[in-house]
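Let's take a walk through this one, from a single core residue out to the surface. Have a look at the model first, then read on.

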Amino acid sequence: MRAERQRAEVTGLDSWTTYCAERRPHWSERNHADHLTFTREGGADRMRAAGKKTVPGPLRRLLARPLAEIDAEAVQGWVEAESKTRPARAALGFRLLRAFVNWCAEHPEFRGIVRADACAGKRTREKLARPRARSDALQREQLAAWFAEVRRDPNPAASASLQCLLLLGCRREELAALRWADCDFEWRAARSADKVEAARTIPLPPYAAHLLQSL
């Protein structure tokens, strides 16, 4: 009876918290941020939009269930719902969820509770968006010509913006929202908020720092 009660009391979020804590030393900052973002509660003030609140993470509702109830049917329903509005995020969320389920299946505290086959359904995987290979990237041989042309732009802000987008690897919206207070020119780092609201620190190479300071 006690074992059954414990099974009912353990939610997906409970085990997710343990999972993130134990796996944290093995993850990058971005990977850890993704795991937190996908299960955030929502309702907090957005960093770059005054008066607006963050929305719950994509996995929040699913993992709020008891862990024992997160089965193949529940996961398939989640994939179908998320894929309609956020197909790319659904695909990433499914990969995070599958790794989490596999971890639970081997963990002594959760292996008797988790549905180890929750993410094994073929129909579920078929509903996920498949990543497409990019065909619009600059080739290494094109870089010299590209930089030469961009530096000729008479608008220094536009020229610096294009070069920093390439050098920093951030999104256009991230760079446009960057403020002086976000840039640490002494330690060569910049703090940015990406499109899923997770603040992150990105390296600031010397030439990129020079471009920003020249503005």
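In which helix does Val79 lie? The answer is α5, which spans residues 72-85. Keep in mind that what you're looking at is a predicted model.

## Overall layout

Start with the big picture. The protein's secondary structure adds up to 11 helices and 3 strands. Going along the sequence, the order reads α-α-α-α-α-α-α-α-α-α-β-β-β-α.

The chain has 215 residues, and 38% of them count as buried. If you take contacts between residues at least 6 apart in sequence, 54% of those join residues at least 24 apart. On the outside, the protein exposes about 13700 Å², with carbon and sulfur atoms supplying 51% of that area.

## Val79 and its surroundings

Back to Val79 in α5. Its relative accessibility is 0%, so it counts as buried. Who does Val79 touch, once neighbours within four places in sequence are left aside? The list is Phe94, Thr124, Lys127 and Leu128.

Phe94 comes with a distance as well: its C-alpha atom is separated from that of Val79 by 7.5 Å, with the two positions 15 residues apart along the chain counted as their spacing.

## Aromatic pairs

How many aromatic pairs does a search of the whole structure find? It turns up 8. Take Tyr19 and Trp27: their ring centres are 5.4 Å apart and the planes sit at 75°, so this pair is edge-to-face. The cut-off behind that label is an angle over 60 degrees. Both Tyr19 and Trp27 are buried.

These two also belong to a wider group. Ring pairs link Trp16, Tyr19, Trp27, Phe100, Trp103 and Phe110 into a cluster.

## One side of α11

Helix α11 covers residues 206-213, and within it Ala208, Ala209, Leu211 and Leu212 are buried. These four span an arc of only 160° around the axis, which means they lie on the same side of α11.

What do the buried residues of α11 pack against? Their partners are α9 (156-168) and β1 (183-184).

## Salt bridges

The structure holds 8 salt bridges, and three of them are worth pulling up in your viewer. Arg152 and Glu149 meet through their side chains at 2.5 Å, N to O. Both ends are out in the open, with Arg152 exposed and Glu149 exposed too.

Next, the side chains of Arg171 and Glu174 form a salt bridge at 3.3 Å, N to O. Is each end of that bridge buried or exposed? Arg171 has 29% relative accessibility and therefore counts as partly exposed, whereas Glu174 has a relative accessible area of 5% and is buried. The side chains of Arg172 and Glu173 make another bridge, at 3.2 Å from N to O. Here Arg172 reaches 58% relative accessibility, so it counts as exposed.

## A nonpolar patch

Which residues form a nonpolar patch on the surface? They are Leu138, Leu143 and Leu166, and together they have about 210 Å² of accessible area.

Leu138 is in the loop between α7 (122-126) and α8 (143-151). With 36% relative accessibility, Leu138 counts as partly exposed, because the partly exposed class runs between 20% and 50%.

## A positive phi

One backbone angle deserves a glance. Arg188 has a phi near 55°, which is a positive value in a residue other than glycine. For context, most residues other than glycine have a negative phi.

Where does Arg188 lie? You'll find Arg188 in the loop between β1 and β2 (189-193). Its relative accessible area is 36%, so Arg188 is partly exposed.

Technical notes. Residues are numbered from 1 along each chain as its sequence is written. This is a predicted model: local features need pLDDT of at least 70, side-chain atom pairs count only at pLDDT 80 or more; totals for chains, interfaces and linings use all residues. Side-chain values use heavy atoms; hydrogens and water are left out. Rings of Phe, Tyr and Trp (its six-membered ring) pair if their centres lie within 6.5 Å; planes under 30 degrees apart count as stacked, over 60 as edge-to-face and the rest as tilted. Buried means under 20% relative accessible area, exposed over 50%, partly exposed in between (1.4 Å probe, protein chains only). Patches are made of residues with over 30% relative accessible area and no salt bridge: like charges are joined within 9 Å, nonpolar side chains (Val, Leu, Ile, Met, Phe, Trp, Tyr) within 5 Å. Accessible areas come from the Shrake-Rupley method with a 1.4 Å probe; for residues, only the protein chains shown count as cover. A salt bridge is a side-chain nitrogen of Lys or Arg within 4 Å of a carboxyl oxygen of Asp or Glu. Helices (H or I, at least four residues) and strands (E, at least two) are DSSP runs, numbered from the N terminus. Contact means heavy atoms within 4.5 Å. The arc is that of the directions from the helix axis to the C-beta atoms.
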